[in-house]
Amino acid sequence: MSSQAFQFWIKNTNRFTSSTTFYDYGGSGTAIKLARSLARLSGLGQEIQNLCNAKTRIEQREIWSKIRPMILSRTLHWALVGTEWFLWKAAGVLPPQRQLIIRDACEQQPSKDSSRQHERLSDATGEAMWDYLVNTLDPVAQSTLLSEENYHYLLTLTGRYTRRCHPVYLGPKAHTRLSAAGAFDGLRIHTDELSEIIGRFRAGALSIAIIMDSLDWFSPKTPLPAVTQVQALNRALQPKGRVLVRSAGLHPWYVSIFEESGFSVRRVAARVPGTCVDRVNMYASTWIMTKVEGWGG
């Protein structure tokens, strides 16, 4: 995190212990509270609770069919959810990441007239974001049981975990282990850009690096920051060291940078319409990049 963000949380530790859930703060909190308000105004508040308490997937699917028109309202999407402002402030989707989603949508509907590519890109923006949202939420509701296994959405909808459904680290065994003296001695909080942090590791210090969707934030129009980060990773990794990358795009443009910088690349998951790749289901693809040669030779 940035130094500014670090200082903010140091000064606002009460956000973790206040009666208002931590997840109700900030831009994402605004989106969550909006969803809850819409549910109440639509008279579906009880159905949301029923969804979170469903005992079986069959029961959950039936309830989902009732609330889906409200959550996946095209009117709400065009007016707010699909806008660039909302995507960044509430959902954390930056413009470059948004462009990955739109590009995928255009490639899935190719046009014979290449001269109309820019026009297709403009027309596809709203529909692309709509499809991405549908392809995220529908499979989750169909394939995962919120009350028993999907604590990610359970927390979003109710503001709390339950004894039956929570992260592993909140279980009794994990709590005992994490409460032991020295449990976090290996944890380091960094307040600098990722490339700078990686660059400070000695060569070959890392065996695995998990960078999630950090490269989605860069633009192919100015690729140097992405190139710098990938080359820094190569230097810091051991031979055959691996990098886990997740992306909002099925074929992110920066994969070729890994290939040109001493890595073999393998897509290990692809979220196509109707599939659920994990319990959150928000990323279109997951990649493992393996170091096969040192950068520069």
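Two residues are in contact here when they have heavy atoms within 4.5 Å of each other. Keep that in mind as you open this predicted model and start with the whole chain in view.

**Stop 1: the whole chain.** Among contacts between residues at least 6 apart in sequence, 66% join residues at least 24 apart. Colour by secondary structure and you should find 13 helices and four strands. The radius of gyration is 21 Å, close to the 19 Å that the globule rule gives for 297 residues, so the chain is as compact as a globular protein of that length. Along the principal axes, the C-alpha atoms fill a box of roughly 65 × 65 × 35 Å. If you colour by accessibility instead, 37% of the 297 residues count as buried.

**Stop 2: H3 against H4.** Now select residues 45-53, which form helix H3, and residues 57-71, which form helix H4. Their axes come within 9 Å and cross at roughly 140 degrees. Oblique is counted up to 145 degrees here, above which a pair is roughly antiparallel, and H3 is therefore oblique to H4. The crossing is left-handed. Show side chains next: from H3, pick Glu-47, Ile-48, Asn-50 and Leu-51. Across from them in H4 you will meet Gln-60, Ile-63, Trp-64, Lys-66, Ile-67 and Ile-71. By class, this contact has six nonpolar, two polar and two charged residues.

**Stop 3: H3 against H9.** Keep H3 on screen and add residues 151-158, helix H9. What angle do H3 and H9 make? They pack at about 155 degrees, with axes 10 Å apart, and are therefore roughly antiparallel to each other. This crossing, too, is left-handed. On the H3 side, select Ile-48, Gln-49, Leu-51 and Cys-52; on the H9 side, Leu-154, Leu-157 and Thr-158. Five of these residues are nonpolar and two are polar, with no charged residues. Ile-48 and Leu-51 are worth a label, as they take part in the contact with H4 and in the one with H9.

**Stop 4: two backbone oddities.** Most residues other than glycine have a negative phi. Go to Met-212, in strand E1 (residues 206-212), where phi is positive at about 50 degrees. Is Met-212 buried or partly exposed? Its relative accessible area is 31%, so Met-212 is partly exposed.

Finish at Asn-281, in the loop between strand E3 (263-270) and strand E4 (285-291). Asn-281 also has a positive phi, near 65 degrees. Asn-281 is buried, with a relative accessible area of 0%.

Conventions. Residues numbered from 1 in each chain as written. Predicted model: local features only at pLDDT ≥ 70, side-chain atom pairs only at ≥ 80, totals over all residues. Heavy atoms only, no water. Axes fitted to C-alpha atoms, helices over the stretch in contact; angles between N-to-C directions. Helix = DSSP H or I, 4+ residues; strand = E, 2+ residues; numbered from the N terminus. Parallel < 35°, antiparallel > 145°, perpendicular 65-115°, else oblique. Left-handed = near helix turned anticlockwise from the far one by under 90°. Nonpolar A, V, L, I, M, F, W, Y, C, P; charged D, E, K, R; others polar. Rg over C-alpha atoms; globule rule 2.2 N^0.38 Å. Buried < 20%, exposed > 50% of the residue type's maximum accessible area, 1.4 Å probe, protein only.
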